[in-house]
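Here is a small set of exercises to work through with the coordinates open beside you. Try each task before reading its solution.

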Amino acid sequence: MKNLIENLVVTLQSRFTYVNVIEILIIAFVIYKILMWIRGTQAEQVAKGIIIVLVLIPLSSWLGLTTLNYLLNNIITWAVIVVAVVFQPELRSALEQLGNNRLFERMFRSSGEKKMLDAIEDIRDAVADMAEAHIGALIVCGVNTGLKDIEGTGIALNADISTELIENIFTPNRPLHDGAMIVNLWNGKIRTAGCLLPLTDRRTLNSSLGTRHRAGIGISEQSDAIVIIVSEETGTISVAHRGVLRRDFTPEDIATLLADRFIDDEDEEEETIGADNENEESKMPEKE
């Protein structure tokens, strides 16, 4: 037994090099990032199914289950196409994150901080007024990901951001109050209003969440936008970012959050976006 162990150690030492260690670390990192990208989505369940199939293939071969092994191997043949279709939103998000290079941001975006700060203050004041008056609102602040396909579902405005205009758009019974507003803080413009947003299809969300909040989560899953949501029933201010919905923001929290991201250029990590606020998914009472 001792000789067997010694021979095994010698064999491993002769075949296991620093290159192998680096490869293992890279593969482990890639798998970890993939798991983080699909966590909490429907693709997570599909991934579990794929893992089960991968385990069953060698198991069926070892047990001599010829027919089952044949079927499973043929399923794997089409796995690449299946993964590309099923994981399309996650793959798109991953590629967008890869393409969000800050060097290009600084080269192609103007540094009009004063105009940006004024726009942030206008959004803060509008959110404060609407929360106090219980006026529902859905404001999408684009960061890096293009939102032209979403903008095409609404009415183009290309107007300067102002408190009065934001409140006017979301006032009940106005033509555009039910849709989302797309704003570009880089140039201080309201791009479009009355836009239709994709609803999240996650089944793990609290059933009490209404359309406005599900739409906010949906667009935040498909882009890096910071989405501000004002509840019509309770006046609660929430923020959706990277598929995470958080509540109990104050207007000053919103101003600080936007200034940190757009002016101070801090990384848009989930911990930065309302790190001290509780996750709204578990306790959201209103239904809109």
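## Exercise 1: A residue in a strand

Arg 246 lies in strand β7, which covers residues 244–249. The model is a predicted one.

**Task.** Decide whether Arg 246 is buried or exposed, and find how far apart the C-alpha atoms of Arg 246 and Ile 229 are.

**Solution.**
1. Take the relative accessibility of Arg 246, which is 16%.
2. Compare that with the cut-off: buried means under 20%. Arg 246 therefore counts as buried.
3. Turn to the C-alpha atoms: those of Arg 246 and Ile 229 are separated by 9.8 Å, with the two positions 17 residues apart along the chain.

## Exercise 2: The protein as a whole

**Task.** Describe the overall make-up: how many helices and strands are there, and what share of the residues is buried?

**Solution.**
1. Start with secondary structure: the protein has twelve helices and seven strands.
2. Next comes burial. Of the 288 residues in the protein, 39% are buried.
3. Then look at the surface, where the protein exposes about 16500 Å². Carbon and sulfur atoms supply 61% of that area.
4. Finish with the contacts at a separation of 6 or more: 68% of them join residues 24 or more positions apart.

## Exercise 3: Lys 114 and its surroundings

**Task.** Place Lys 114 in its secondary structure element, and say which side chain its own side chain contacts.

**Solution.**
1. Lys 114 belongs to helix α8, residues 113–133.
2. Its relative accessible area is 58%, and exposed means over 50%, so Lys 114 is exposed.
3. The side chain of Lys 114 makes a polar contact with that of Asp 118, at 2.8 Å.
4. Along the chain, Lys 114 and Ile 263 are 149 residues apart, yet their C-alpha atoms are separated by 9.4 Å.

## Exercise 4: Two partners of α8

**Task.** Classify how α8 packs with α10 and with α12.

**Solution.**
1. A useful reminder: two packed helices are described by the angle between their axes and the distance between the axes.
2. The axes of α8 and α10 cross at roughly 40° and come within 8 Å. That angle makes α8 oblique to α10.
3. On the α8 side, this contact is made by Asp 122, Ile 123, Asp 125, Ala 126, Asp 129 and Met 130; on the α10 side, by Thr 163, Ile 166, Glu 167 and Phe 170.
4. For α8 and α12 (residues 251–262), the angle is about 155° and the axes are 9 Å apart. Angles over 145 degrees count as roughly antiparallel, so α8 is roughly antiparallel to α12.
5. Here Met 116, Ile 120, Ile 123, Arg 124 and Ala 128 of α8 meet Pro 251, Glu 252, Ala 255, Leu 258, Ala 259 and Phe 262 of α12.
6. For handedness, the crossing of α8 and α10 is right-handed, and the crossing of α8 and α12 is right-handed.

## Exercise 5: Positive phi values

**Task.** Where are Asn 158 and Asn 173 located, and what are the phi values of Asn 158 and Asn 173?

**Solution.**
1. Recall the background: most residues other than glycine have a negative phi.
2. Asn 158 sits in strand β2, residues 155–160. Its phi is positive, about 50°, although Asn 158 is not a glycine.
3. With 45% relative accessibility, Asn 158 counts as partly exposed.
4. Asn 173 is in the loop between α10 (163–170) and β3 (180–184). Phi of Asn 173 is also positive, near 75°.
5. Asn 173 has a relative accessible area of 76%, so it is exposed.

## Exercise 6: A serine in a helix

**Task.** Which residues are in contact with Ser 60, leaving aside neighbours within four places in sequence?

**Solution.**
1. Ser 60 is part of helix α3, residues 42–63.
2. At 2% relative accessibility, Ser 60 counts as buried.
3. With those neighbours set aside, Ser 60 is in contact with Leu 65, Leu 68, Asn 69 and Leu 72.

Technical notes:
Residues are numbered from 1 along each chain as its sequence is written. This is a predicted model: local features need pLDDT of at least 70, side-chain atom pairs count only at pLDDT 80 or more; totals for chains, interfaces and linings use all residues. Side-chain values use heavy atoms; hydrogens and water are left out. Helices (H or I, at least four residues) and strands (E, at least two) are DSSP runs, numbered from the N terminus. Buried means under 20% relative accessible area, exposed over 50%, partly exposed in between (1.4 Å probe, protein chains only). A polar contact is a pair of N or O atoms within 3.5 Å; within protein, one must be able to donate a hydrogen and the other to accept it, and residues adjacent in sequence count only if both atoms are side-chain atoms. Contact means heavy atoms within 4.5 Å. Accessible areas come from the Shrake-Rupley method with a 1.4 Å probe; for residues, only the protein chains shown count as cover. Axes are lines fitted to C-alpha atoms, for helices over the stretch in contact, and angles run from 0 to 180 degrees between N-to-C directions. Angles under 35 degrees count as roughly parallel, over 145 as roughly antiparallel, 65 to 115 as roughly perpendicular and the rest as oblique. A crossing is left-handed if the near helix is turned anticlockwise from the far one by less than a right angle, and right-handed if clockwise.
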